[in-house]
Amino acid sequence: MTSATDPRPLPTTPRLIATDLDGTLLRDDQSVSDRTIAALAAAEEAGIEVFFVTGRPARWMDVVSDHVHGHGMAICANGAAVVDLHSGGTLLEVRALDRDTALEVVRVMRDAAPGTSFAVDLATGVHYEPDYPPFRVDPGATVATAEKLLHEEQPGTGAPVIKLLAHHPELTPDGFLTLARTAAGELASITRSSPTALLEISGLGVSKASTLALCCAERGISSDEVVAFGDMPNDVEMLTWAGTSYAMGNAHPDVIAAASGRTVANNEDGVAVVIEQILTRLAERQ
């Protein structure tokens with residue numbers, strides 16, 4: 001595994017940087033440091049596109065909306081949505097979770113992990129069950145059982161389901177993830193990015209990696225030309241797919257195992273450290 005200070009040349013000229021936000025690009029106080037802002041701008045000035053690839057929904061992208069350069073594209077909700085940050089988070093593409101499938105996941109997980117509560121993240125906003133702990137209270141949210149939240153008066157008329165969220169008050173985060181994947185992994189893609197037992201459930205095959213691959217293919221960019229950064233299990237597929245990838249110094253063990261390199265922690269501007277070194281090496285080649 002390479003480190004952020006590894007002097008070996010890059011395997012190819014990077015054309016795109018894909019970075020997670022929480023625990024990766026953002027510091028723990030949710031800020032983007034001046035050093036990181038400068039590094040992102042310098043990368044795009046050098047002709048390297050920057051994609052924010054996050055588990056956050058489009059409506060929570062205000063933390064980076066002031067630091068968008070170039071195209072302003074972002075992959076949100078673990079690959080379920082592609083948004084244009086220049087237009088205030090307009091949805092360009094949605095890879096929705098089928099409602100009937102979501103209902104089956106709810107049924108299976110209620111049996112496998114009694115005490116699980118759910119939230120339904122729609123393209124129009126998030127709604128949740130009475131026992132679900134909302135991390136950001138939405139005054140417009142509907143509080144009801146997941147079965148009611150997923151019900152449609154007429155099939156196909158409701159807003160797309162971006163993802164299903166599942167919380168358990170007692171299980172460990174990794175234990176809950178393993179249990180859910182065993183019980184419902186054939187129905188949907190299940191991952192996590194929270195330090196609590198909170199799972200994020202998307203359509204089968206939907207991940208940061210699969211949507212990033214689609215966006216790169218549209219631009220004629222190969223995986224070998226991508227440098228990716230992450231810190232939590234929802235980043236594993238993306239870090240495995242990218243030609244060069246870095247786990248943050250604060251990363252989950254599964255992320256460290258998946259990445260080809262490692263940088264310092266998010267609070268030490270680990271993404272900026274690597275970008276600066278990439279740009280230095282590219283300048284030395286000229």
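1. A good place to start is the packing of two helices: Val105, Val108, Met109 and Ala112 in H3 meet Phe176, Leu179, Ala180, Ala183 and Ala184 in H5, where contact means heavy atoms within 4.5 Å. The residues of this contact divide into 9 nonpolar, no polar and no charged; Ala, Val, Leu, Ile, Met, Phe, Trp, Tyr, Cys and Pro count as nonpolar, Asp, Glu, Lys and Arg as charged, and the others, Gly among them, as polar.

2. Before going on, a word on the basis: this is a predicted model, in which local features need pLDDT of at least 70 and side-chain atom pairs count only at pLDDT 80 or more, while totals for chains, interfaces and linings use all residues. Residues are numbered from 1 along each chain as its sequence is written, and side-chain values use heavy atoms, with hydrogens and water left out.

3. Now the geometry of that helix pair. H3 and H5 (residues 173-184) pack at an angle of about 125 degrees, with their axes 10 Å apart; axes are lines fitted to C-alpha atoms, for helices over the stretch in contact, and angles run from 0 to 180 degrees between N-to-C directions. Helices here are DSSP runs (H or I, at least four residues), as are strands (E, at least two), numbered from the N terminus.

4. On to the charged side chains. There are 15 salt bridges in the count, each a side-chain nitrogen of Lys or Arg within 4 Å of a carboxyl oxygen of Asp or Glu. One of them joins aspartate 269 and arginine 27 at 2.9 Å, N to O. Aspartate 269 lies in the loop between S14 and H9 and arginine 27 in the loop between H1 and H2, so the pair ties together parts that are 242 residues apart in sequence. Aspartate 269 is buried, at 7% relative accessible area, whereas arginine 27 is partly exposed at 29% (buried is under 20%, exposed over 50%, partly exposed in between, with a 1.4 Å probe and protein chains only).

5. Glutamate 49 and arginine 219 also form a salt bridge, at 3.7 Å, N to O. Glutamate 49 sits in strand S3 and arginine 219 in the loop between H6 and S12, so this pair links parts 170 residues apart in sequence. Both ends are partly exposed: glutamate 49 at 22% and arginine 219 at 25%.

6. H3 returns in another pair, as glutamate 147 and arginine 110 meet in a salt bridge at 3.0 Å, N to O. Glutamate 147 belongs to H4 and arginine 110 to H3. Finally, Asp20, Lys208 and Asp235 are linked in a network of salt bridges.
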